[in-house]
Amino acid sequence: MKPAMLENFENLREESMVAMRQAQKNGTKVVGIYCTYCPRELVLAAGAIPVGLCGTREAPIPMAEKDLPRNLCPLIKSSYGFAITEQCPFFLISDLVIGETTCDGKKKMFEVLRSKGIKPLYVMHLPQVPDESSSLELWYEELKKLKSYLETTFQVQITDEALREAIHITNEESRALQELFDLNKVKPALISGLDMLSVSWQVGFLADRREGIKLLDSLTAEIKEKAAAGYCVGDSSTPRILLTGTPVGIGSEKVISLVEACGGLVVAMENCGGYKTVELRVDESSQSDPLRLLAEKYMKIPCSVMTPNRRRMDLIKRMAHDFQIDGVIDLTWQGCHTYNIESYFIAEVVKNDLNLPFLQLETDYSQSDLETLRVRIEALLEMI
Ligand code: SF4
Ligand code: SF4
């Protein structure tokens, strides 16, 4: 039987909406964010609640296509569609939204969204050559500017003390998520890819981050206890897949569902929402300027918008070893040039360095290609 704690995550998003509305009535601000590069510690230190607004569902895409090109990444179209159709309650209650100049599609979408004037929109300038010292300086300045914008807009002062507390909470959240993900380093695995996704996605909507950390720790403890009594997911012959590539959420989980319906298991996810950032923690014992420490942390995120993006290859190699991976799937949303092109290097690493079967899947949020995807995934699993 599945861990009972999993049930606590099922409706977190809806429950959180109620808590967020209440907090807002009591004067707490809500800040919508679109990307892992958004320094959520600054939002927390301003006394506000950060909430992810990345679109993971197909429903609002037709409306988005009235303003945006059809051959744009579905994540961008879905995010924009939710914003303009008022279908996303979290967008609706956001006091302001923060974007970053990540990929071309997102930054140009933000221009169109800003022109609609629906919400105050603040866009950070993200440098994209991560190892240049000038990039760190630029990003540090961007963090300073965001800090000052939040202070002025919300009429608060973001003290170093508040920032250090926010850093601690965010570190703890990453620690709790990593401990959950790391359960699957054993063979057979202990949590399915779909459950892992659902938990990490739902918990991101919680108004109270400490509550999320407690829930994650309780789930991990329960799974460990069950494992000691023989519980596992699949068996030692179940193909173990590492999913990398573009972000996935509930509504855009079709590749994970198909892998698991075909008899495999997504035991680890490298993408945003998965392992990409959980190891990136700020050193809480450092006496350095906390804003600079944050800038350093965020510059290390291995996203394909960075060039070169060697940290992603290193992470994939390490994860393939640690999670005893049998095959790698690189997911690319249609229209995502950065992940699509970077797949060339991922294929090299997986085939040549790791000597593992590799599959790149390019798809969108529709269900129209399910059969094609199934055939390709079955072929990969047969190679294992
Ligand atoms: S994949 Fe890159 S651009 Fe997209 S949410 Fe993650 S960090 Fe941001
Ligand atoms: S998946 Fe690719 S195109 Fe879409 S928002 Fe992320 S980086 Fe941009």
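This report walks through the domains, ligand surroundings, central strand and a few backbone details of a predicted model.

## Two domains and their contact

Let's start with the overall layout. The protein is divided into domain 1, residues 4-156, and domain 2, residues 162-382. Their C-alpha centres lie 21 Å apart. Where they touch, 45 residues of domain 1 and 48 residues of domain 2 take part in the contact.

On the domain 1 side, the elements that give two or more residues are α1 (7-10), α2 (12-25), α3 (40-45), β2 (49-52), α5 and α8 (133-154). Helix α8 provides the largest share of that side, with 7 residues. Sorted by class, the side of domain 1 that touches domain 2 holds 27 nonpolar, 11 polar and 7 charged residues.

## Around ligand 1

If you want to find ligand 1 in the viewer, look for the residues that surround it. From the earlier part of the chain these include Cys35, Thr36, Tyr37, Thr102 and Cys103. The list also includes Pro247, Cys272, Ile301, Cys303 and Val305.

By class, this shell has 8 nonpolar and 2 polar residues, and no charged ones. Domain 1 and domain 2 each contribute at least three residues to the shell around ligand 1.

## Around ligand 2

Ligand 2 is surrounded by 13 residues, and the closest of them are Cys73, Leu75, Cys103, Thr246 and Cys336. Three helices each supply at least two residues of this shell: α5 (74-85), α7 (104-116) and α15 (337-353). In terms of class, the shell around ligand 2 has 8 nonpolar, 4 polar and 1 charged residue.

Where does ligand 2 lie with respect to domain 1 and domain 2? Both domains give residues to its shell, so ligand 2 lies between them. Cys103 is a handy landmark here, as it is listed in the shell of ligand 1 and among the closest residues to ligand 2.

## Strand β7 and its neighbours

Is strand β7, residues 327-333, largely enclosed or open? Of its 7 residues, 7 are buried, so the strand is largely enclosed by the rest of the structure. In a regular strand the side chains alternate between the two faces of the sheet. In β7, Gly327, Ile329, Leu331 and Trp333 point one way, while Val328, Asp330 and Thr332 point the other way, and all are buried.

Strand β7 has a parallel pairing with β5 (240-245) over 5 bridges. Within that pairing, Ile329 of β7 is the bridge partner of Leu243. Strand β7 also runs parallel to β8 (358-363), and 6 bridges join the two. Here Asp330 has Gln360 of β8 as its bridge partner. To get from β7 to β8 the chain passes through α15, making a right-handed β-α-β crossover. Helix α15 also appears above, as one of the helices that supply residues to the shell around ligand 2.

## Backbone details in the loops

Most residues other than glycine have a negative phi, and most peptide bonds are trans. A few places in this model depart from that pattern. The peptide bond from Lys187 to Pro188 is cis, with omega near -5°; Pro188 sits in the loop between α9 (160-182) and α10 (193-203). The bond from Thr307 to Pro308 is also cis, with omega near -15°, and Pro308 is in the loop between α13 (290-299) and α14 (310-322).

Two non-glycine residues with positive phi are found on either side of the β7-α15 segment. Gln324 has phi near 50° and lies in the loop between α14 and β7. It is partly exposed, with 16 other C-beta atoms within 10 Å. Asn355, with a phi of about 55°, lies in the loop between α15 and β8. With 8 other C-beta atoms within 10 Å, Asn355 is exposed.

## A buried leucine in α11

Leu216 lies in helix α11, residues 209-228. It is buried, with 23 other C-beta atoms within 10 Å, where 20 or more count as buried.

Which residues does Leu216 touch, leaving out those up to four places away in sequence? They are Ala176, Leu177, Leu180 and Val203. Leu216 and Tyr275 are 59 residues apart in sequence, and their C-alpha atoms are 15 Å apart in space.

Terms used
Residues numbered from 1 in each chain as written. Chains lettered and ligands numbered in written order. Predicted model: local features only at pLDDT ≥ 70, side-chain atom pairs only at ≥ 80, totals over all residues. Near = placed C-beta within 6 Å. Helix = DSSP H or I, 4+ residues; strand = E, 2+ residues; numbered from the N terminus. Nonpolar A, V, L, I, M, F, W, Y, C, P; charged D, E, K, R; others polar. Domains from an automatic or database assignment. Buried ≥ 20, exposed ≤ 12 C-beta atoms within 10 Å, placed from the backbone. Pairing = 2+ DSSP bridges. Right-handed = clockwise from strand over helix to strand, strands pointing away. Contact = placed C-beta atoms within 7 Å.
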